[in-house]
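Student: Please give me a close look at one part of this model and at what surrounds that part. State the cut-off for each term as you go.

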Amino acid sequence: MTKSELIETLAAKQVQLTYKDIDSSVKMLLEHMSDALESGERIEIRGFGSFSLHYRPPRTGRNPKTGDPVSLPAKYVPHFKPGKELRDRVNAAAAAK
Amino acid sequence: MALTKAAMAERLFAELGLNKREAKEMVDQFFEEVRQALEKGDQVKLSGFGNFDLRNKSERPGRNPKTGEEIPITARRVVTFRPGQKLRARVEEYAGNNDS
């Protein structure tokens, strides 16, 4: 499912809101979440999961073409931990097949 | 402070003019649709944010950490998140001193 398919599905179910409202809402939600992570804030959605940042220490990498060492600075990467309801539902559906 | 559904709904109310009930439903439905797609075995790709993928894990040996007793970890399907290029780039330079 892509973002536009998600918007379509929501539009089919939400009778009161216009397509434009739903389109803007989905984009605003994702932007809000990205903003939070960018400023180092966690995201906690009960039953879905949580997003946080994981630290990656600086390391020496290599240029794959030349083999020359390159020093790579420390960075943060987004991390998602699925919540219990999401874990259980995905796994139950898979087990039922 | 963590970002929650309540704060997301508040943003839709303040910026888009949805009423409070519509905003709350919108946020709930958004996460519910993603869950349903994953439940159906469908990968979810949100461009600019990231992809939620599914992985099938086969059974592997495990241990009860308390008792040391060996128990198999059953085969299961799990959700993984792969942040997109854009989100990675935005987060990379975060220089905060908390270890969130």
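Tutor: What follows is a walk around one helix, and then outward from there.

The model is predicted, with local features taken at pLDDT of at least 70, side-chain atom pairs at pLDDT 80 or more, and totals for chains, interfaces and linings from all residues; side-chain values use heavy atoms, without hydrogens or water. Residues are numbered from 1 along each chain as written, while chains are lettered from A and ligands numbered from 1 in the order written.

The part to look at is helix α2 of chain B, residues 20-39. Helices (H or I, at least four residues) and strands (E, at least two) are DSSP runs, numbered from the N terminus.

Start with what lies beside this helix in its own chain. Chain B has an open sheet of three strands, ordered β1-β2-β5, and the pairing is antiparallel. Strands β1 (44-46) and β5 (76-83) of chain B are the edges; each has a single partner strand, so one side of each has no neighbour in the sheet. Neighbouring strands here are turned by 25° against each other on average, with direction ignored. Strand β2 (residues 50-57) of chain B pairs with β5(B) over eight bridges, in the antiparallel sense; pairing needs at least two DSSP bridges. Opposite B:Lys57, in β5(B), stands B:Arg76. Helix α2(B) packs on this sheet and touches β1, β2 and β5 of chain B, and its direction makes about 140° with that of β1(B). Contact means heavy atoms within 4.5 Å.

Now turn to what α2(B) meets in chain A. Helix α3 of chain A (residues 84-95) packs against α2(B) at an angle of about 30°, and the two axes are 8 Å apart. Axes are lines fitted to C-alpha atoms, for helices over the stretch in contact, and angles between N-to-C directions run from 0 to 180 degrees. That angle makes α3(A) roughly parallel to α2(B) (roughly parallel is under 35 degrees, roughly antiparallel over 145, roughly perpendicular 65 to 115, and the rest oblique). From α3(A), the contact is made by A:Glu85, A:Leu86, A:Arg89, A:Val90 and A:Ala93, and from α2(B) by B:Glu32, B:Arg35, B:Gln36, B:Leu38 and B:Glu39. Sorted by class, the residues in the contact of α3(A) with α2(B) are four nonpolar, one polar and five charged. Ala, Val, Leu, Ile, Met, Phe, Trp, Tyr, Cys and Pro count as nonpolar, Asp, Glu, Lys and Arg as charged, and the others, Gly among them, as polar.

A second helix of chain A also meets α2(B). The axes of α1(A) (residues 3-13) and α2(B) come within 10 Å and cross at roughly 125°. That makes α1(A) oblique to α2(B). Here A:Leu6, A:Thr9, A:Leu10 and A:Lys13 of α1(A) meet B:Met26, B:Gln29, B:Phe30, B:Glu33, B:Val34 and B:Gln36 of α2(B). The classes in the contact of α1(A) with α2(B) are five nonpolar, three polar and two charged. B:Gln36 is in this contact, and B:Gln36 is also in the contact with α3(A).

Next, look at the α2 helix of the other chain. The axes of α2(A) (residues 19-38) and α3(B) (residues 85-92) come within 8 Å and cross at roughly 30°. The contact is made by A:Glu31, A:Ser34, A:Asp35, A:Leu37 and A:Glu38 of α2(A) with B:Leu87, B:Arg90 and B:Val91 of α3(B). The residues of the contact of α2(A) with α3(B) divide into three nonpolar, one polar and four charged.

These helix pairs belong to the contact between the chains. Chain B gives 53 residues to that contact and chain A gives 54. About 5300 Å² is buried between them, with 65% from carbon and sulfur atoms; buried area is the accessible area (1.4 Å probe) that two parts lose on being put together, summed over both. B:Leu3, B:Arg35 and B:Arg90 supply 14% of what chain B buries against chain A, more than any other three residues.

Last come the strands of chain A. An open sheet there has three strands in the order β1-β2-β5, with antiparallel pairing. Its edge strands are β1 (43-45) and β5 (75-82) of chain A, each pairing on one side only. The twist averages 30° from one strand to the next. Strands β1(A) and β2(A) (residues 49-56) pair over three bridges, and A:Ile45 has A:Gly49 of β2(A) as its bridge partner. Away from this sheet order, β3(A) and β4(A) form a hairpin with six residues between them, and A:Gly67 in the turn has a positive phi of about 80°.
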